[in-house]
Amino acid sequence: MAPSFDWWTKESHRGTPVVIKMENPNWSIAELEGPSDDDFLLAGSPNTNRDKGRGKNARQLTWVLLLKAHKAAGCLTSIASAMFGLAAAVRRRVASGRTDTDNDNGGGMEQENPTVKSRFYSCIKVFLWLSVVLLVFEVAAYFKGWHFGAPHLQLQYLLTAPYGVKDIFNSLYSRWVLIRVEYLAPPLQFLANACIVLFLIQSVDRLVLCLGCFWIKFKKIKPVPKGTVDLESGDGNGYFPRVLVQIPMCNEKEVYQQSIAACCNLDWPKSSILIQVLDDSDDPVTQLMIKEEVTKWQQEGAHILYRHRVIRDGYKAGNLKSAMNCSYVKDYEFVAIFDADFQPTPDFLKRTVPHFKDNEELGLVQARWSFVNKDENLLTRLQNINLSFHFEVEQQVNGVFINFFGFNGTAGVWRIKALEDSGGWLERTTVEDMDIAVRAHLQGWKFIFLNDVECQCELPESYEAYRKQQHRWHSGPMQLFRLCLPDVIRSKISIWKKANLIFLFFLLRKLILPFYSFTLFCIILPMTMFIPEAELPSWVVCYIPATMSFLNILPSPKSFPFIVPYLLFENTMSVTKFNAMISGLFQLGSAYEWVVTKKSGRSSEGDLVSLVAKGPKHQRGSSEPNIGEMEETLLQEQKASRKKKHNRIYTKELALAFLLLTASARSLLSAQGIHFYFLLFQGISFLLVGLDLIGEQVE
């Protein structure tokens, strides 16, 4: 049949039967009819047929519009439901009245001095109330005719205003503008410029690290053992030195089974491996459970021992130091360390230990972490971005080009001789892993990072646990910097390595980064809204942070949809990191606060049971643990731990949220677009974190 040349008929020929499925289950499936034979008539057909075709197209368009409207209504319903849920969560937080100032040991070993803890919060409150007063003052001035456009408009208004009798308000505001111009703006602008310089230096460092990572990928650089060892076959070419495996733990009953099971299933000759379970738990029930688990694996034929300290000093460093003092340690050449939530694969030792063969200068082989719960909630997704960059870029680049990086405290294999030459484990800081790595580097030992060897672990799912972990990770390096600086200066390593250790490793990445992040974006930027004579360029507020966030997210490309939340959350975390950095640098009360990161034991629900069900290969005839009993025990423990959890209100984050939102309201008066949007969304980010709405939610 010849086609018609009428434009509407030509378009109708392209129609086919379409089935549209609605995402909202409340709507049914609707079928849109395709063109019938009447639609394909010749151009000379009667006008009635053409009108009929037009009517069909109109009906189809109506159906499509109705379905679009239905979908929009479903989206609005979902948004409304989410908003009601959010409001209910906020009501629960306010009704419970629990804040971060409440004393809750929560697995911690030391409580922070309340006086020291409130100093930082008091400073933030002063800024908040000052910003509220200034906002009211500025709004009143706006309605009095002081219209704000350019930053220097107020001064121009003063200079061009006719002299005469002024009312009290105009006189006060005139004096305030002059004080801003003469006394407040210059030092604030100087501080802003200094922070911008630090920001640019840190951005260049981040860019250089990324370029180094790209070079490694492009050249396919990969650490290769010096000896003739075939790592792919996994046989180690007969190289099976004696390895000591240590599992330090403290009151971690949610995860102890998975780490013990994974270490007992390491593929290594039984005569060349000894597993030490170093239990520092102060809970008698937890001690008994761990001891029973060790006994079960001993019955399975595993070479494993249980140790519990009577005098529990020094936290994790003291625990490891005590274990290394055992008489039988001298019979072992290497020691592998795994925290309680880490699950090494069976071939972990076969892929790490061979790098020590014929390489007497090598002191440490560090593996990468992978996370079993990285997609659990928004908090774990954002943590995954940070840690992926840390391992993929920072650790790998430093390992390839300078053979030094900070030991991550777990999932690594040390040469015992390197530990002894460096002075062993010391309890002087809360980052014993970084401490031993720096001292080993000063003794000339080299490190290797294996990006392709992964060890599964668990990310903290609650903001409370993550916040305490970050406090320890950022206060400890400043403690260590004060203690080891004289040793670095006196050491015999090259000047370049000394400069890298002091200026890059400690000052730039551990001190300057949290300093400018908090000062620039949480203090100076809001202050420039009330003192507009001091300015922050738009590229500092928006473009460079966005570029740096883009670089940070490259190692985890699946996380690109979270690039904006990541940027905002990193600035939100700067308050915790800055507080921790100041505490460690000046040895304040919270610098020695050690809190064991809470674990949920999520990976132990399925992986552990399947691992135990397989059983060790070398003892098929021995008795196996009761898997059903294990499952029941796990469920009971998880229910009990969940009852103890609760969400809190974080006062510092909440105060900063209102400070930033107040500053965003002030920016509206001067029509600063990019600054307004940044302050608005950053304030909302602080608000969500302050109300503990970002991590695990406990009903």
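This passage walks through selected side-chain pairings, surroundings and backbone features of the structure, which is a predicted model.

Salt bridges make a convenient starting point. Side chains of opposite charge can pair when their charged atoms come close. Across the whole structure, the search returns 23 salt bridges. One of them joins Arg-666 to Glu-138, with 3.8 Å between the closest N and O atoms. Arg-666 belongs to helix α19 and Glu-138 to helix α3 (residues 114-143), so this bridge ties together parts of the chain that are 528 residues apart in sequence. Arg-666 has a relative accessible area of 0% and is therefore buried. Glu-138 likewise counts as buried, because its relative accessibility is 0%.

A further bridge pairs Arg-180 with Glu-533, and here the closest N and O atoms are 3.0 Å apart. Arg-180 sits in helix α5 (residues 168-219), whereas Glu-533 is in the loop between α14 and α15 (538-553), so the pair connects parts separated by 353 residues in sequence. With a relative accessibility of 0%, Arg-180 counts as buried. Glu-533 is buried as well, at a relative accessible area of 9%. These residues come together in one network: salt bridges with shared partners join Glu-138, Arg-180, Glu-533 and Arg-666. Another salt bridge is formed by Glu-570 and Lys-577, whose closest N and O atoms lie 3.5 Å apart. Both residues of the Glu-570 and Lys-577 pair are buried.

Helix α19 (residues 651-669) also holds Ser-664. Ser-664 has a relative accessible area of 4%, and this value is why the residue is classed as buried. Beyond its neighbours within four places in sequence, Ser-664 is in contact with Phe-676, Leu-679 and Leu-680.

Aromatic side chains offer a second view of the fold. A pair of aromatic rings is described by the distance of the centres and the angle of the planes. The count comes to 28 aromatic pairs. In one of these, Trp-414 and Phe-447 have ring centres 5.8 Å apart and planes at 75°; an edge-to-face pair requires an angle over 60 degrees, so this pair is edge-to-face. The two rings come from distant parts of the chain, 33 residues apart, with Trp-414 in strand β8 (residues 412-415) and Phe-447 in strand β9 (residues 446-457). Trp-414 and Phe-447 are both buried.

Phe-515 and Phe-578 give a tilted pair, with 6.3 Å from centre to centre and 35° between the planes. Phe-515 is part of helix α14 (residues 495-530) and Phe-578 of helix α16 (residues 563-585), so their pairing ties together parts that lie 63 residues apart in sequence. The two partners fall into separate accessibility classes: Phe-515, at 27% relative accessibility, counts as partly exposed, while Phe-578 is buried with a relative accessible area of 13%. Ring pairs also build a cluster, whose members include Phe-342, Trp-369, Phe-391, Trp-414, Phe-447 and Phe-449.

Two of the cluster members, Phe-391 and Phe-449, appear again around Arg-368. Arg-368 is located in strand β7 (residues 362-371) and counts as buried at 10% relative accessibility. Its side chain makes a polar contact of 2.4 Å with that of Glu-392. When neighbours within four places in sequence are set aside, the contacts of Arg-368 also include Ser-388, Leu-450, Asn-451, Val-453, Glu-454 and Cys-455.

At the surface, Trp-215, Phe-218, Ile-221 and Phe-401 make a nonpolar patch of about 440 Å². Phe-401 is found in helix α10 (residues 378-401) and is partly exposed, with a relative accessible area of 45%.

Finally, the backbone deserves a look. Asn-251 is not a glycine, yet its phi is positive, at about 55°. Asn-251 is placed in the loop between β3 (243-249) and α6 (256-264), and its relative accessible area of 26% makes it partly exposed. Ala-411, also a residue other than glycine, has a positive phi near 60°. Ala-411 lies in the loop between α10 and β8 and, at 0% relative accessibility, counts as buried.

Key
Residues are numbered from 1 along each chain as its sequence is written. This is a predicted model: local features need pLDDT of at least 70, side-chain atom pairs count only at pLDDT 80 or more; totals for chains, interfaces and linings use all residues. Side-chain values use heavy atoms; hydrogens and water are left out. Helices (H or I, at least four residues) and strands (E, at least two) are DSSP runs, numbered from the N terminus. Buried means under 20% relative accessible area, exposed over 50%, partly exposed in between (1.4 Å probe, protein chains only). A polar contact is a pair of N or O atoms within 3.5 Å; within protein, one must be able to donate a hydrogen and the other to accept it, and residues adjacent in sequence count only if both atoms are side-chain atoms. Contact means heavy atoms within 4.5 Å. Patches are made of residues with over 30% relative accessible area and no salt bridge: like charges are joined within 9 Å, nonpolar side chains (Val, Leu, Ile, Met, Phe, Trp, Tyr) within 5 Å. Accessible areas come from the Shrake-Rupley method with a 1.4 Å probe; for residues, only the protein chains shown count as cover. A salt bridge is a side-chain nitrogen of Lys or Arg within 4 Å of a carboxyl oxygen of Asp or Glu. Rings of Phe, Tyr and Trp (its six-membered ring) pair if their centres lie within 6.5 Å; planes under 30 degrees apart count as stacked, over 60 as edge-to-face and the rest as tilted.
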